[in-house]
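User: Hello! I am new to this structure and would like to walk through it step by step. Could you help me read it?

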Amino acid sequence: MSTIRLFPTHGRSWLTRPLNWLGPTPLSRRKALWGLALIAPNTLGLFFFFGIPVLMAFSTSLQEWNAIRPARFIGLDNFERLIQDDKFAQALTNTFKLIGLVVPLEVGLALGVAVLLNLPLRGRNLLRTAYFLPVVTSTVAASVVWTSIFQPRYGILSQVLKPLGLGDTNWLVDPGLVLIPVAVVAIWQRLGFDMVIFLAGLQAIPHELYEAARIDGAGRWGRFRHVTLPMLSPTTFLVVVLAIINGFQIFDQVYVMTLRTVPGGVSGSATTLAYYLYRRAFTHSEFGYASAIALVLFALILLVTVFQLAVQRYWVYYEAESEK
Amino acid sequence: MIARRVRRRRSGPRDLTVPIQLFSYAVLLAGAVIMILPFLWMTSTACKPPVELNKIPVRFLPQNAVCRQNLDTLYDTSPHFNRYLLNSAIVTIGRTLGQLVTCSLAAYGFARFRFPGRNLIFALCLALLMVPFQAILIPEYMLIRKLGWLNSFKALIVPGTFSAFALFLLRQAFLQIPLEIEEAAIIDGANPLRVLWHVTLPLSVPALAAFAVITVQAAWNDFLYPLVVSSTPDTRVVTIGIALLQGERRTPYNLLMMGSFLATVPMLFLFLAMQRYFIAGIALGGVKR
């Protein structure tokens with residue numbers, strides 16, 4: 001008696017043995033199926049909610065997309081418009097100014113604080129907590145509080161600066177000054193974050209190096225200059241890169257702090273790239289054009305990231321070399 | 001005797017000269033005052049009666065504290081403020097629990113199973129970490145609109161339940177667990193889900209806590225995304241509620257500070273209770289953002 005086999009087992013095609021590609025043995029195939037099933041929810045969710053938008057970002061930037069007319073393909077017109085848009089140039093300049101203001105101060109202060117808090121001082125845990133508290137607060141609430149601190153006349157800052165004749169300074173209105181309060185909030189909120197990374201880096205420096213430097217007659221400053229700083233340079237680099245990436249994304253502070261006066265600052269003086277793209281998209285309904293701005297922001301951040309990855313590889317290599 | 005000497009050596013400032021100690025304390029305390037001052041200013045202003053807001057010279061502490069009254073006025077000005085706090089809590093819990101499920105499953109899959117395309121898929125997930133959220137803000141909004149999810153909790157929670165960062169963090173943690181422990185359970189006939197639940201997760205509690213506090217903090221403080229996808233009071237989160245108060249130019253600062261206070265305090269408590277895990281989370285995945 002012969003049985004008719006719908007799917008002959010000796011076949012090699014994927015149709016007849018649908019799971020062969022998963023692995024050579026039944027056990028490995030079963031494990032592979034488990035693996036795929038386990039990763040499926042998160043991977044599909046990531047793809048749907050983040051992967052697809054990434055792809056859409058590119059196509060939208062090539063379209064004219066506004067509230068009135070249906071979307072239509074316009075090639076690189078949005079990017080041509082970017083080049084001629086003074087407001088965009090201003091937003092770009094403001095973003096770079098802000099990064100130039102925030103990053104050196106933030107990293108420098110965090111390094112200083114971390115070095116001091118790495119000393120065996122009494123109560124340093126309490127101090128570390130104090131420096132870290134702003135990190136966990138919402139940027140919106142922080143910006144509201146700092147707006148009040150920076151208000152002319154009735155703010156604490158005005159009170160402090162009054163003897164200098166700066167009591168009536170309108171920090172959030174003066175186009176030449178408005179980036180300062182924005183930067184202050186950004187620095188205040190990031191310092192603790194950088195400090196934690198620096199502390200981890202400091203604690204990873206082998207103690208023998210300090211002993212060796214001490215034997216060589218290095219003083220406190222000498223040890224800092226010739227042991228701490230060089231050994232900490234990969235950490236510093238990482239912190240700087242993260243700070244720059246974060247600087248490119250500054251939005252909440254600008255949104256909240258200029259809300260009471262002129263949104264985006266008087267004549268756009270506080271408008272950053274992120275804020276400008278938000279306004280273009282959600283106030284002016286120019287989704288295509290705003291997507292082009294978003295791509296520029298993306299490209300700038302990607303540039304920093306790629307640079308970081310390239311240099312980091314060099315650093316790892318360098319460390320491995322020097323161990324020989 | 002010896003023990004005491006050792007202890008003194010460990011905890012005391014060992015080789016610090018007095019001037020250096022003084023200098024360090026002076027600098028650190030001055031800095032700490034600046035870090036803490038906004039919190040104090042927020043709290044004290046939240047309790048000031050309106051007449052004391054615009055006093056010169058500026059009064060640091062309120063003369064007549066009227067905390068309770070300001071709280072009531074806040075609810076008069078912004079009647080849904082409690083609702084906003086509740087919404088923030090719902091979104092935060094939803095996202096954190098969601099990530100806990102999807103990301104621990106996925107992290108376990110990536111850490112312990114072989115399947116075709118594993119490395120490629122993992123690399124693609126990690127590549128998403130490099131994409132700043134603002135770059136996909138607009139397509140994300142269009143996607144949510146197309147799904148008909150605007151002004152819904154689905155929009156606020158569902159996309160937030162998937163995370164490449166948590167996947168990365170938890171996979172690292174799971175890889176630290178010795179295989180032998182899991183194998184013992186497998187030999188006893190447990191399926192992967194049971195192993196994950198009864199062996200792997202209990203052994204990863206510190207990593208899970210670190211991931212959870214960071215996720216909670218990020219979700220509670222999220223602003224740009226809710227700003228874009230929700231515009232009605234019933235789905236509005238507290239950060240947006242505060243921004244609305246700020247946008248209303250008539251809102252006096254004492255109410256603004258009261259609102260900020262209510263939004264800040266839960267995170268401060270969470271941090272003070274779980275400080276260790278916050279720090280660990282940042283040191284572990286400091287690469288985020």
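User: What domains does the assignment give for chain B, and how many Å separate their centres?

Analyst: Happy to help, and please keep in mind that this is a predicted model. In chain B, domain 1 covers 2–75 and domain 2 covers 79–285. Taken over C-alpha atoms, the centres of domain 1 of chain B and domain 2 of chain B are separated by 31 Å.

User: Which helix gives the most to the side of domain 1 of chain B that touches domain 2 of chain B?

Analyst: The contact takes 12 residues from domain 1 of chain B and 11 residues from domain 2 of chain B. On the domain 1 side, α2 (18–46) and α3 (67–77) of chain B each supply at least two residues. By class, that side divides into 7 nonpolar, 4 polar and 1 charged. With 5 residues, the helix that gives the most to it is α3(B).

User: How is chain A divided, and how far apart do the C-alpha centres of its domains lie?

Analyst: Chain A has domain 1 at 22–61 and domain 2 at 85–323. The C-alpha centres of domain 1 of chain A and domain 2 of chain A lie apart by 35 Å.

User: Which helix of chain A gives the largest share of the side that touches chain B?

Analyst: The contact between the chains takes 80 residues from chain A and 81 residues from chain B. The largest share of the chain A side, 21 residues, comes from helix α1 (residues 26–61) of chain A. As for class, the chain A side has 59 nonpolar, 16 polar and 5 charged residues. So far as the name you asked for goes, the helix is α1 of chain A.

User: Which helix gives the most to the largest nonpolar core?

Analyst: The largest nonpolar core has 159 residues, and V182(A), L277(A) and L170(B) are among those with the most contacts inside it. Leaving aside residues up to four places away in sequence, L277(A) touches residues including A290(A), I293(A) and Q134(B). The helix that gives the most to this core, with 17 residues, is α14 (residues 253–285) of chain B.

User: Where does the kink in α9(A) lie?

Analyst: Helix α9 (residues 220–248) of chain A has 29 residues, yet its end C-alpha atoms are only 37 Å apart, short of the 42 Å that a straight helix would reach. Buried residues in α9(A) include L232(A), T235(A) and V239(A). A kink of about 55 degrees is found shortly before the proline P234(A), at S233(A).

Conventions
Residues are numbered from 1 along each chain as its sequence is written. Chains are lettered from A and ligands numbered from 1 in the order in which they are written. This is a predicted model: local features need pLDDT of at least 70, side-chain atom pairs count only at pLDDT 80 or more; totals for chains, interfaces and linings use all residues. Domain bounds come from an automatic or database domain assignment. A nonpolar core is a set of buried Ala, Val, Leu, Ile, Met, Phe, Trp, Tyr and Cys residues joined through C-beta atoms within 7 Å. A residue is buried if 20 or more other C-beta atoms lie within 10 Å of its own, exposed if 12 or fewer, and partly exposed in between; C-beta atoms are placed from the backbone. Helices (H or I, at least four residues) and strands (E, at least two) are DSSP runs, numbered from the N terminus. Two residues are in contact if their C-beta atoms, placed from the backbone, lie within 7 Å. Ala, Val, Leu, Ile, Met, Phe, Trp, Tyr, Cys and Pro count as nonpolar, Asp, Glu, Lys and Arg as charged, and the others, Gly among them, as polar. The expected span of a helix is 1.5 Å times one less than its number of residues. The bend at a residue is the angle between axes fitted to the seven residues ending there and the seven starting there.
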